[in-house]
Amino acid sequence: MKNSYIILLAFALVFAACSRDEESLFEQSAAQRIEYALNNATDVLTHAENGWEMLYFPNPVSAGYTVLIKFDEHGQVLAASRNPQTTKNSYKEDNKSTWAIRADYGPILSFDTYNEVIHAWADPQDDGDGYLGDYEFLILEATPQKVRLKGKKHGAYCELYPLGKDVSWTGYFDEVYKLRDLVVTKNDGAEFNFVSGSDTQHMYYSGGIMIVNIEEGIIYPFVIRPNVITFYNKGMEAQGGNAINFKVNDTQTALICTDSGVNAQFVPALTIAEILNSKLDHRVQWIINKTDMGSASKTTYNTIVNAVKASGGSLSNIKLQRVDSVKIDDIDTIDYKVDRLNIEFNGSNGLTQAFFIMDFKLNETSLTYSYKYPSGEPGAEAAALEFLQRAGGGPGKEAIGLQRLKELITGSFNVTSASGSTLNAQELYITGTNDSNKRLKLTAR
Amino acid sequence: MKRIHYICLIALIAVGFTSCKQDEFTDTIFVDPVEDTEAYTKEFDQWLKVHYTDKYNVEFLYKLDDNGTDPNFNVVPVSLGKADTLAHLALYLWYDVYDSVAGPGFIKENGPKIIQLIGSAMIMASQHTEKLGYAEGGNKITLLKINRMETNNIDQLNEYIFKTMHHEFSHILHQQKVYPKEFSQINPEDYDPNRWQDRADTTAWQLGFVSPYGSSQTREDFVETIANYIVKHDTAWNYMMEKAGPVGGPIINQKLDMCRTWLADKWGIDLDAMHAEVQKRQNNLDWDMIMSLGFLDEE
């Protein structure tokens, strides 16, 4: 019996002494694998001949921007951008800084000396936060076709795609701006229906994001690229998959999803007449184009211009605008909106603005615009009177002036997009319902 | 039967041992970094090695690693141009000053071992203050807001950078040899660690502090006194003393005397000679000469 114990003990000792080899999940050591990941990332990043197109989302709740970036194998980096936020819409590039790949929790891409383009989003500025972007990124994926990065500190998200060999960097941003102007410039508040199969969701555009419900945080940031709008991360759920990439259709009346098998599009939720109204609500002014007019409008306009000129003045601009006003009575303060014409002319006090209160009535596709009275703002009535006298042919002839002004701008009009685009109607025609020669072109300003 | 037992046992033991093979180890699991002889910053790095690492035993960190910063603040790296300019200036207006006054070897032995540059400040927006520098562990000085440094403005350079360096280095010194405890007994009731930033310069001076920050706590007061005395022009110092008035003026002088004695006794440094040397160098500031100290990349 005693022997048996000894034998058992001996077994235990022999086998314990021999630790069983764990079968490794990986063929290489952790250090070798990190080394491989670092080398691979370096290789991939430096081999894009004309650099990379980087889609940069500083954070998940604001607009994305594109940066073009080229990694030199000796540690120098060239980056360029053109955007409203950090470059004030001008092309800017900086090549006097460095990049490095380092091991941290994983391979890290670090922009470790200051680059005016790259660090503009990470700079704390005066409030300590700035745009809350990053300058060190975890490399989530690195292949010659695509690199994905995630900001180490704030989670800025980037996707990089190799730029075509012959793409000019400034030309790239010209293309971006073409699409930007077509879809988003001065288009805050534009309303869209996101249509996928039989589902429709209402969204509106503001500051680089599509918004469903801002209080609930249902928002979809996107970035504008040449001919393509790309949504943040996985975009929107739609019939056939995730809708991420969109292009403008030929008639410029919709944004169509280009992801294969996905059925989705954005169509304007408003008619052109409603857009005219909506932009006024967002404090956009509509300026009457001085040259592109119907024949009847041209005659009236020239009569006014010549009369003002004959009186020694000159007419600068006529604008349709909507402003906030406040009515105070004994009980309440009431905020309300006022439609008015703003006429800029050179008169006896130099450049002067005359205001006329107007009545703005909207049908689905048409507008009735009528005259109410001169604005009661301090000085405005005197300016209005002076303008009407000049437009009518002199003191005492203000009624003629008013008649000419009414002839030019009041009445019932059909509203159409001047360019045909209904996505962001920056230029409109308002055409007399009963007289197609009474036609004005309005430009958003 | 017993015999069979033993045979089995021997066989099993044999199996046990053979299943145990010896792993072969390489010398190291890490792969040696390959030096890039054409690195973009090679020339600057070599210059730093000669003028900082070899001469003063200092690692001059200008490429930022966020791990080396305070995670509570958002910062950005320094630009290469500003790093280069500062490296040259610091040599002339700081390192070589100690070299000539305290003697060669002093900084190599006692000086900070790491200088770290950061492009932006550390901004405490809620308090309307920003941090321009700090010292850690008695061997590392971090200088901030270097991207906003105006190289043609020596007063600003002194105020924001070199004063900060003297300030932080003085912390390093008193962390090794304590300052006299009498210093903290001069006007202890006037320190205000929470609201010092609301004090105007003149208010601080009249209370007997050389700066509002000096009025936050004793150890800041001590190093502020040293740093301000070293970098301030005589005219600026005299102006301050005049404004400090009959109460503040004598207190500042009393503190300055303690600093002077402590530096001389404990460290063999002549504070007035430091002040004079800095003034001399400032007055003879010659950018061509400074930049010819070595590499300069086009900015």
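Which residues does A:V67 touch, not counting residues up to four places away in sequence? In this predicted model, the list runs to A:M54, A:Y56, A:A79, A:A80, A:S81, A:V117 and A:I118. A:Y56 turns up again at the level of the whole core: along with A:V67 and A:C158, A:Y56 touches the most other members of the largest nonpolar core, which counts 130 residues. The top contributor to this core, though, sits in chain B: helix α3 (residues 80-102) of that chain gives the most, with 14 residues. Chain A takes part through two of its domains, since at least three residues of the core come from each of domain 1 (30-167) and domain 2 (173-269). Another core lies apart from this one. That second core has 41 residues, and A:M293, A:L315, A:L367 and A:A384 are among them. As a bit of background, nonpolar side chains tend to be buried together in soluble globular proteins.

Now for how chain A is laid out. Chain A splits into domain 1 (30-167), domain 2 (173-269) and domain 3 (274-444). Taken over C-alpha atoms, the centres of domain 1 and domain 2 of chain A are 25 Å from each other. Where these two domains of chain A meet, domain 1 puts in 13 residues and domain 2 also puts in 13 residues. On the domain 1 side, strands β1 (52-57) and β2 (65-71) of chain A each bring at least two residues to the contact with domain 2. β1(A) gives the most to that side, with three residues.

Elsewhere in chain A, two helices cross. Helix α5 (residues 295-310) and helix α6 (residues 380-392) of chain A pack with their axes 6 Å apart, at an angle of about 105°. α5(A) is therefore roughly perpendicular to α6(A). On the α5(A) side the contact is made by A:I304, A:A307 and A:V308, and these meet A:R390, A:A391 and A:G392 of α6(A).

Over in chain B, helix α7 (residues 218-231) is worth a look. With 14 residues, α7(B) spans 20 Å from its first C-alpha to its last, close to the 20 Å expected at 1.5 Å a residue. The helix is mostly covered, with 12 of its 14 residues buried. Charged and polar residues show up in the buried set as well as nonpolar ones: B:E220, B:D221, B:T225 and B:N228 are included, as are B:F222, B:V223, B:I226 and B:I230. The cover over these buried residues includes three other helices of chain B, namely α5 (154-176), α8 (234-267) and α9 (271-283).

Terms used. Residues numbered from 1 in each chain as written. Chains lettered and ligands numbered in written order. Predicted model: local features only at pLDDT ≥ 70, side-chain atom pairs only at ≥ 80, totals over all residues. Helix = DSSP H or I, 4+ residues; strand = E, 2+ residues; numbered from the N terminus. Expected span 1.5 Å × (residues − 1). Buried ≥ 20, exposed ≤ 12 C-beta atoms within 10 Å, placed from the backbone. Contact = placed C-beta atoms within 7 Å. Core = buried A, V, L, I, M, F, W, Y, C linked by C-beta atoms within 7 Å. Domains from an automatic or database assignment. Axes fitted to C-alpha atoms, helices over the stretch in contact; angles between N-to-C directions. Parallel < 35°, antiparallel > 145°, perpendicular 65-115°, else oblique.
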